[in-house]
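Biologist: Can you walk me through this one? I'd like to start with the empty space and then move to the helices.

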Amino acid sequence: MGEHSRIFLSPPHMGTEELELLASAFASNWIAPLGEHVDAFEQELARYVGVKGALAVSSGTAALHLGLRLAGVGPGDTVFCSSLTFVASANPILYLGATPVFIDSEAATWNMSPVALERALREAARQEKLPKAVVIVHLYGQSADMGPLLALCEEYKVTVVEDAAESLGADYKGRMSGSLGHFAAFSFNGNKIITTSGGGMLVSDDREALERARFWATQARERVRHYEHEQMGYNYRLSNLLAAVGRGQLRVLEERIAARRRVCQRYEAKLRQLPGIAFMPEAPTGRATRWLTALTVDPQQAEVTAGQLIDALERANIEARPVWKPMHRQPLFAGCRYYPHLPEQSVSDELYARGVCLPSGSSLSEQQQERVIAAIRQCLSGRGRAKELGHVQL
């Protein structure tokens, strides 16, 4: 790889077992959305997460959609959802004709604020308009503080759907991400910690509910000889080929987690002393996978903005991204209710304004990472020049 070749944010990291399992799927001629690899991938993922069942589907978004439908979400309902997330967390709410209500993050985990959720639930109860479900997102490989969040949802009898798309392998007080709510969705998109190129998984301890979701995911075809349909279904099943890749990836998941954690540790060791730089904290309640290493830039101390840092990295042929733009700031959701952490403090807005995600792939070499670190140092040391150039701020 050349000295100045592009460094990507989170590229796929493939091994040899994936190819061997893929070859076995080819040899069997089972390439459609069924086969032994689909069944085995579901069983192995469920065992890893510590749940009773799993359903392999075409994307994490599909898994969320099915989970929300299992929760009974429909037209006229509301669903509470983390605001600091990717749009796929909220789009399935719209698919079902419901209205999202967005909940802010807390600074300690960057995930859903129990303080904001309590205020939102209390107000919804007074209005006799409790949400049908709460979508709790585990951001950048770290579990939300599930104890108080689950206690609140239990108090108000609201179904919890975990969006664990970014957090496979993270844990919370000894339990794996995705095993704490009623339903959970994982993603195996190409940039995730393990990938099937495109795919997802719905998991739950409710095997009966998962069978209903399996039925919907296969076009809701009734079990008769001819094609009979009484309910609306979807073409959501994962192919046997991609499931074979996923099985191989799952076998090296712990290695991938260890590699990404080392990447984060190197960044912290080399950059934490720089003025205005602070890293996403790791909560004391469990292991974060550090799927992406994320930091914040205080423009008063660093004398550069997050946007200027991203621009500087791009000039060095290094991919970096802003922290997610909160859903309550998206034009798609204009008019949707939003509950900040405190009435006078929106944590997700602060993180978006200052946040940067750095290259974090498990295949990132130390030499490549030194390039990233050097570019960051150079940007901050030349901060006066950066201000003069007047790069667009986030």
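Biologist: Which residues lie nearest the centre of the largest pocket?

Modeller: Phe86, Glu166, Asn191, Lys192 and Trp324. The lining has 32 residues in total. Keep in mind that this is a predicted model.

Biologist: What volume does the largest pocket have?

Modeller: About 510 Å³.

Biologist: And which helices or strands supply at least two residues each of that lining?

Modeller: Helix α3, strand β8 (183–187) and strand β12 (321–322). Of these, α3 gives the most, with 3 residues.

Biologist: How do the lining residues of the largest pocket divide into nonpolar, polar and charged?

Modeller: There are 14 nonpolar, 12 polar and 6 charged residues.

Biologist: Now the closed spaces. How many cavities of 30 Å³ or more are there?

Modeller: The count is 2. The largest cavity has a volume of about 50 Å³. The second largest holds about 30 Å³ of space.

Biologist: What lines the largest cavity?

Modeller: One run is Ala165, Glu166, Ser167 and Leu168. Ser187, Lys192, Ile193, Ile194 and Trp291 complete the lining. By class, that lining has 5 nonpolar, 2 polar and 2 charged residues. Glu166 and Lys192 also lie nearest the centre of the largest pocket, along with Phe86, Asn191 and Trp324.

Biologist: And which residues line the second largest cavity?

Modeller: Gln142, Ser143 and Asp171, together with Ala283, Thr285, Gly286, Arg287 and Ala288. The split here is 2 nonpolar, 4 polar and 2 charged.

Biologist: Let's switch to helix packing. At what angle do α3 and α7 pack?

Modeller: About 125 degrees, with the axes 10 Å apart. Here α3 covers residues 60–70 and α7 covers residues 207–217.

Biologist: Why are α3 and α7 called oblique?

Modeller: Angles over 145 degrees count as roughly antiparallel and 65 to 115 as roughly perpendicular. The angle of about 125 degrees fits neither range, so α3 and α7 are oblique to each other. Their crossing is right-handed.

Biologist: Which residues make the contact between α3 and α7?

Modeller: On the α3 side, Leu66, Arg69 and Leu70. They meet Ala209, Arg212, Ala213, Trp216 and Ala217 in α7. That contact has 6 nonpolar residues, no polar ones and 2 charged.

Biologist: Next, α1 and α8. How far apart are their axes?

Modeller: The axes are 8 Å apart, and the angle is about 155 degrees. Since that angle is over 145 degrees, α1 and α8 are therefore roughly antiparallel. Helix α1 spans residues 16–28, and α8 spans 240–251. They pass in a right-handed crossing.

Biologist: Which residues of α1 meet α8?

Modeller: Glu17, Glu18, Leu21, Leu22, Ala25, Phe26 and Ser28. Their partners in α8 include Leu241, Val245, Gln249 and Arg251. By class, this contact has 7 nonpolar, 4 polar and 4 charged residues.

Biologist: What about α2 against α8, left-handed or right-handed?

Modeller: Left-handed. Helix α2 (residues 36–49) packs on α8 at about 35 degrees, with the axes 8 Å apart.

Biologist: Who meets whom between α2 and α8?

Modeller: From α2 come Glu36, His37, Val38, Ala40, Phe41, Glu44 and Leu45. They meet Asn240, Ala243, Ala244, Gly246, Arg247 and Leu250 in α8. The classes are 7 nonpolar, 3 polar and 3 charged.

Biologist: Which α8 residues should I look at for both contacts?

Modeller: Asn240, Ala244 and Arg247 are among those that meet α1, and they also meet α2.

Key
Residues are numbered from 1 along each chain as its sequence is written. This is a predicted model: local features need pLDDT of at least 70, side-chain atom pairs count only at pLDDT 80 or more; totals for chains, interfaces and linings use all residues. Side-chain values use heavy atoms; hydrogens and water are left out. Axes are lines fitted to C-alpha atoms, for helices over the stretch in contact, and angles run from 0 to 180 degrees between N-to-C directions. Helices (H or I, at least four residues) and strands (E, at least two) are DSSP runs, numbered from the N terminus. Angles under 35 degrees count as roughly parallel, over 145 as roughly antiparallel, 65 to 115 as roughly perpendicular and the rest as oblique. A crossing is left-handed if the near helix is turned anticlockwise from the far one by less than a right angle, and right-handed if clockwise. Contact means heavy atoms within 4.5 Å. Ala, Val, Leu, Ile, Met, Phe, Trp, Tyr, Cys and Pro count as nonpolar, Asp, Glu, Lys and Arg as charged, and the others, Gly among them, as polar. On a 1 Å grid over the protein atoms alone, a cavity is a set of points where a 1.4 Å probe fits but cannot get out, and a pocket is an open set with protein on both sides within 12 Å along at least five of seven lines; lining residues have an atom within 4 Å of a point. Grid points are joined across faces, edges and corners, and a volume is the space filled by probe spheres set on the points.
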